[in-house]
Amino acid sequence: MRTTQSGQERKTPIWVADQGDGTYRNPILHADYSDPDVIRVGDDFYMTASSFSHIPGLPILHSKDLVNWKLVRYAIERLDLPGYDVPLHGKGVWAPSIRYHDGKYWIFFSTPDEGIFMTTADHPEGEWSPLHLVHEVKGWIDPCPFWDDDGQAYLVHAFAHSRSGIKSKIKVCRMAPDGSRLLDEGQIVFDGTAHHPTIEGPKFYKREGYYYIFAPAGGVKPGWQTVLRSKQVFGPYEDRIVMHQGASTVNGPHQGGYVELESGESWFIHFQDRDAYGRIVHLQPMSWNEDGWPVIGIDREGNGTGEPVDVYTKPDVGATYPVTVPDVSDDFQMERLGIQWQWQANSRPEWAEVAPDKGLVLHMHPYPEGIQSLFGVPQLLMQKFPASAFEATTKLTFLPKQEGDQAGLLVFGDEYACLCLTQTESGAARLSLSRGAKQPDNHVHADEWEETGLDWSDHGSQETGWTIHLRLTLEEPARCQFSWSEDGADFQPIGSLFTATTALWVGAKMGVFAVNTRSANSGGQGVFRYFDVKEINHLR
């Protein structure tokens with residue numbers, strides 16, 4: 001327990017899955033780690049997930065027991081591909097696979113318009129190699145490598161119909177053993193059109209002589225987990241639904257990876273789409289029936305198809321480990337940003353600096369050329385929603401230099417809202433709650449309007465700047481109330497409730513920003529002293 005810059009004591013981590021009595025609750029991560037994949041190497045577990053166009057990308061999470069997870073690094077610092085210096089919503093890193101082979105770690109992923117990429121590392125928490133283009137192609141998605149016992153290598157993938165014109169099919173290709181290239185155009189090994197529509201996200205395994213392809217089907221929200229099985233790499237494959245929602249409250253339980261423990265247990269990690277909260281991560285027990293088929297979750301109906309669990313006994317990993325959760329709050333006392341933060345696109349060093357004597361300094365650079373709103377701005381510094389209900393507070397010192405300079409607290413999605421200070425034409429500072437929404441025509445501009453505001457000029461000056469505490473309070477179902485305070489203790493609500501929304505393929509995010517809205521080069525700054533998050537039970 002310690003006191004933050006806001007004067008509040010942070011007593012407990014945000015969203016703890018470990019119940020402290022030998023059980024855990026789902027989700028194990030109440031955050032948008034979409035399309036997770038997981039491996040075990042010795043007594044360590046590593047997970048990665050989709051990051052789309054957010055940078056840094058390809059998050060690497062570590063655990064010792066599959067329940068307590070910590071975000072330890074990202075595999076890529078930037079996407080050196082054309083166009084990714086501005087937000088390309090819904091593009092970028094899709095559905096990666098992580099594997100351990102030949103003494104090193106591998107991640108394969110696709111970008112839907114450029115192709116299949118690969119990166120490797122000697123250790124997941126160390127440096128990852130520059131991205132290598134395995135196969136230049138449009139619309140081949142969700143790749144997963146597999147190295148067979150005889151040294152032959154293969155890659156399984158699905159298709160994005162929007163790019164390839166193909167849907168609900170799974171293909172296997174031969175691959176060079178060093179993962180550098182595909183050796184052929186592959187074979188369609190399964191067509192799910194009739195019974196497993198929109199089958200995608202395949203993960204390739206081998207167990208007791210069978211080749212297994214785990215693949216979600218039925219769509220993100222209403223779907224189920226399918227498993228394909230064959231004695232031959234290229235099939236023919238049998239199919240079975242091994243997990244569905246059933247009587248549970250967990251919709252679309254699918255897309256993830258499974259691991260086997262030294263204790264003999266099997267476990268499956270997957271996501272659930274919870275709208276603005278994103279694709280949150282669940283852990284399910286997994287068993288194998290006498291016919292060699294997996295059952296994920298609990299088979300309450302007795303038909304070989306499991307259902308998700310809410311609370312369950314923790315995995316038997318031979319030891320007990322302390323509660324660990326990904327970082328959320330940041331007091332900006334280190335020399336770099338906390339690992340939880342991501343930009344909307346490839347970042348530039350001149351956007352931000354962190355100095356222990358100041359905090360986080362965001363420099364007020366203009367909107368990119370042709371961009372008319374925050375929806376297309378890359379220099380938004382944000383992180384995932386960390387729980388179902390929480391309170392996020394920051395202290396801002398606003399140091400503008402010219403009209404249109406703006407800094408504040410933001411909730412972002414296809415619809416977004418921000419509480420910010422802006423320098424007006426007269427040189428005064430104005431506090432306002434503004435909202436915006438994506439426009440469907442070109443996805444790069446939006447209409448913005450001020451919902452409510454008040455003059456903040458009497459609370460500072462051009463010489464000293466203006467200081468204010470800003471707060472976001474969120475409760476189910478992602479309803480947000482903004483408020484402000486002069487002293488960090490007495491907060492006043494401002495404006496009406498705002499309901500957070502998804503963006504394309506991702507949940508809503510929260511964070512801070514500083515820009516110039518008039519497309520001018522400005523020497524202004526938004527200085528943030530802390531970003532403090534605590535879990536709550538209800539709106540106050």
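Is G511 buried or exposed in this model? The legends below take up that residue after an overview of the chain, which is shown as a predicted model.

**Figure 1. Overall view of the protein chain in the predicted model.** The protein chain has 39 strands and 1 helix. Its radius of gyration is 24 Å, close to the 24 Å that the globule rule gives for 540 residues, so the chain is as compact as a globular protein of that length. Taken along the principal axes, the box filled by the C-alpha atoms is roughly 75 × 50 × 40 Å. Of the 540 residues, 61% are buried, and among contacts between residues at least 6 apart in sequence, 58% join residues at least 24 apart. The chain exposes about 20,700 Å², of which carbon and sulfur atoms supply 46%, while the mean positions of its 46 positive and 72 negative charges are 1 Å apart.

**Figure 2. Close-up of G511 in strand 38.** With a relative accessible area of 0%, G511 is buried, because the cut-off for that class is under 20%. The strand that holds this glycine spans residues 509-516. Leaving aside residues up to four places away in sequence, G511 touches W341, L381, M382, G408, L409, L410 and F531. One of these partners, W341, is 170 residues from G511 along the chain, yet the C-alpha atoms of the two are separated by 8.3 Å.

**Figure 3. Close-up of E307 in the loop between strand 23 and strand 24.** The loop that holds E307 runs between strand 23 (294-296) and strand 24 (311-313), and at 2% relative accessibility this glutamate counts as buried. Its side chain makes a polar contact of 3.4 Å with the side chain of R300. Not counting residues up to four places away in sequence, E307 touches H244, Q245, G246, A247, S248 and Q284, together with I296, G297, I298, R300 and E301.

**Figure 4. Close-up of D65 in the loop between strand 6 and strand 7.** Strand 6 covers residues 57-63, and D65, in the loop that follows it, counts as buried at 2% relative accessibility. A polar atom of the D65 side chain lies 3.0 Å from the backbone nitrogen of V67. When residues up to four places away in sequence are set aside, D65 touches D18, F45, K314, P315, V317 and Y321.

**Figure 5. Close-up of E77 in the loop between strand 7 and strand 8.** This loop joins strand 7 (69-76) to strand 8 (94-101), and E77 counts as partly exposed at 48% relative accessibility. Apart from residues up to four places away in sequence, E77 touches I55 and P56. Between E77 and G192, which are 115 residues apart along the chain, the C-alpha separation is 36 Å.

**Figure 6. Close-up of T193 in the loop between strand 15 and strand 16.** The flanking strands are strand 15 (187-191) and strand 16 (203-207). The side chains of T193 and D191 are joined by a polar contact of 2.5 Å. With residues up to four places away in sequence not counted, T193 touches K167 and S168. Q462, which is 269 residues from T193 in sequence, lies 64 Å away in space, C-alpha to C-alpha.

Key
Residues are numbered from 1 along each chain as its sequence is written. This is a predicted model: local features need pLDDT of at least 70, side-chain atom pairs count only at pLDDT 80 or more; totals for chains, interfaces and linings use all residues. Side-chain values use heavy atoms; hydrogens and water are left out. Helices (H or I, at least four residues) and strands (E, at least two) are DSSP runs, numbered from the N terminus. The radius of gyration is taken over C-alpha atoms; the globule rule is 2.2 Å times the number of residues to the power 0.38. Buried means under 20% relative accessible area, exposed over 50%, partly exposed in between (1.4 Å probe, protein chains only). Contact means heavy atoms within 4.5 Å. Accessible areas come from the Shrake-Rupley method with a 1.4 Å probe; for residues, only the protein chains shown count as cover. Lys and Arg count as positive and Asp and Glu as negative; His and the chain ends are not counted. The place of a charge is taken as NZ of Lys, CZ of Arg, CG of Asp or CD of Glu. A polar contact is a pair of N or O atoms within 3.5 Å; within protein, one must be able to donate a hydrogen and the other to accept it, and residues adjacent in sequence count only if both atoms are side-chain atoms.
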